[in-house]
Amino acid sequence: MTDTYAVINLNTLTSNAKALTEKYSEYGAFIGIVKGDAYGHGYECVNALQKGGISYFAVSSLEEAESFRKFNTSAPLLCLEPVAIRKLDAAAELKLTLAVPDLGYARELTSSGCKYPFKLHLQIDSGFNRLGFKDKNEVKKAADMIESSPYTLEGVYQHYATAGVFDPYYDAQTQRFRELTSLLDLSKIPLVHLGSGTALMAHPKEDIATATRIGLAMYGYNIAPESYGGGIINKLREARDKHYQKKYNLTETIRDVQIDLKPAISLKTRIIQLKDVAKGEHIGYLAAYTAEEDMRIAVLPIGYNNGIGHHDDGRVVEINGKLCPVVGAIGMNMMAVKVDGSVGYDDEVTLLGGKITLGMFSRFSGLGLAEVLLGVGKNNKRYYVEE
Ligand SMILES: *Cc1c(COP(=O)(O)O)cnc(C)c1O
């Protein structure tokens, strides 16, 4: 085993997928988002997710699809970014479902001559202003082109730009999606999927939705908004939100969702040197840290080369159930933490997992939640366990 490594528990991924697919069983299909090397968990994990009820998957690119197919040759797989027309043969070989982001692409695709019976999903831009159609007549034209092509229109979808917690823009986007698809007969399109994990957990199902897409939640993070909490201020906040919700006819926000999700990935390292430092001595680059007392430190073989960033906003690591603060700057491959006399060379060090939540790590590092997972998963050797 390498000194620093990520551990991924496959059974945890299965039970997360199961918890989500059971709780939200009003959706007919679950599209597991496995872009970015499955949020750093690796395509080794897709079968564990499938076992938990994820029936469809989505990646960003042809290259990711290739990696996915090394572990699963048959699950339906949507490529969220448009595949270059010159690469359609490769997409056919990978049995990809293709996203169609605009009329020009629909035209090129349907006149490409590629004989593979592609399933297609129309991508609607409901306010993100990235990929997707912005004109309902063009949506209709694309659907008609597909109708008279060797391909099948299997899906239509959009992606929310805002998470939608007490959010008029959330409703505006849903409304925009309805308008842009109003010339289609949605009941004839098997997969109508809106949103992401937060949209799923924080809002009631839209009547038109027949499927949903889940990313972060599947890897074990309850991203639903927290409850208001106690106290008079929060009571007032709640009353104010309810008032505006009614007044402006906003979609309900569901808080404090009860669901058993557990993080599947953790990041571990070991101690490579224990050392005593006297009061007044400096630790690390630029001698930026000065010991305010005599202390013992543990040197760890982990740094920004391991995808954790160099930013340190009060970062702690866990050793023997205790939280130990970083002392001195985080280097490329090394950092040091302050420990007590009970710590020994064989003690396991945890940087993510155990007492250290993804939210804590994100604050220490200044990285976003998914960004932390990518950094940890993609820059370290991964070991898979099932227990
Ligand atoms: C990344 C992504 C998701 C998943 O988002 P989460 O917030 O991780 O649930 C869903 N849909 C699309 C199109 C995405 O790009």
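A polar contact here is a pair of N or O atoms within 3.5 Å. Keep that cut-off in mind for the ligand. One more thing up front: this is a predicted model.

Let's start with the overall layout. The protein is divided into two parts: domain 1 covers 10–225, and domain 2 covers 265–385. Their centres, taken over C-alpha atoms, are 37 Å apart. Domain 1 and domain 2 do touch: 11 residues from domain 1 and 11 residues from domain 2 make up the contact.

Now the ligand. Where does the ligand sit? The space it takes is the largest pocket. Who lines up around it? From the earlier part of the numbering we have Ile 33, Lys 35, Tyr 39 and Leu 80, among others. Further along, the surrounding residues include His 159, Gly 195, Ser 196 and Gly 197. Arg 213, Gly 215 and Leu 216 are also in the shell. By type, that shell splits into four nonpolar, five polar and two charged residues.

Next, the polar contacts. Take Gly 215. A polar atom of its backbone is 3.0 Å from an oxygen atom of the ligand. That is a polar contact, because the pair lies within 3.5 Å. Tyr 39 uses its side chain instead: an N or O atom there is 2.6 Å from a ligand oxygen. With His 159, the ligand atom is a nitrogen, 3.3 Å from a polar side-chain atom.

And how much of the ligand is covered? Taken alone, the ligand exposes 390 Å². The protein buries 85% of that.

Notes:
Residues are numbered from 1 along each chain as its sequence is written. This is a predicted model: local features need pLDDT of at least 70, side-chain atom pairs count only at pLDDT 80 or more; totals for chains, interfaces and linings use all residues. Side-chain values use heavy atoms; hydrogens and water are left out. A residue is near a molecule or strand if one of its heavy atoms lies within 4 Å of it. A polar contact is a pair of N or O atoms within 3.5 Å; within protein, one must be able to donate a hydrogen and the other to accept it, and residues adjacent in sequence count only if both atoms are side-chain atoms. Accessible areas come from the Shrake-Rupley method with a 1.4 Å probe; for residues, only the protein chains shown count as cover. On a 1 Å grid over the protein atoms alone, a cavity is a set of points where a 1.4 Å probe fits but cannot get out, and a pocket is an open set with protein on both sides within 12 Å along at least five of seven lines; lining residues have an atom within 4 Å of a point. A molecule sits in a cavity or pocket if more than half of its atoms lie within 2 Å of its grid points. Ala, Val, Leu, Ile, Met, Phe, Trp, Tyr, Cys and Pro count as nonpolar, Asp, Glu, Lys and Arg as charged, and the others, Gly among them, as polar. Domain bounds come from an automatic or database domain assignment. Contact means heavy atoms within 4.5 Å.
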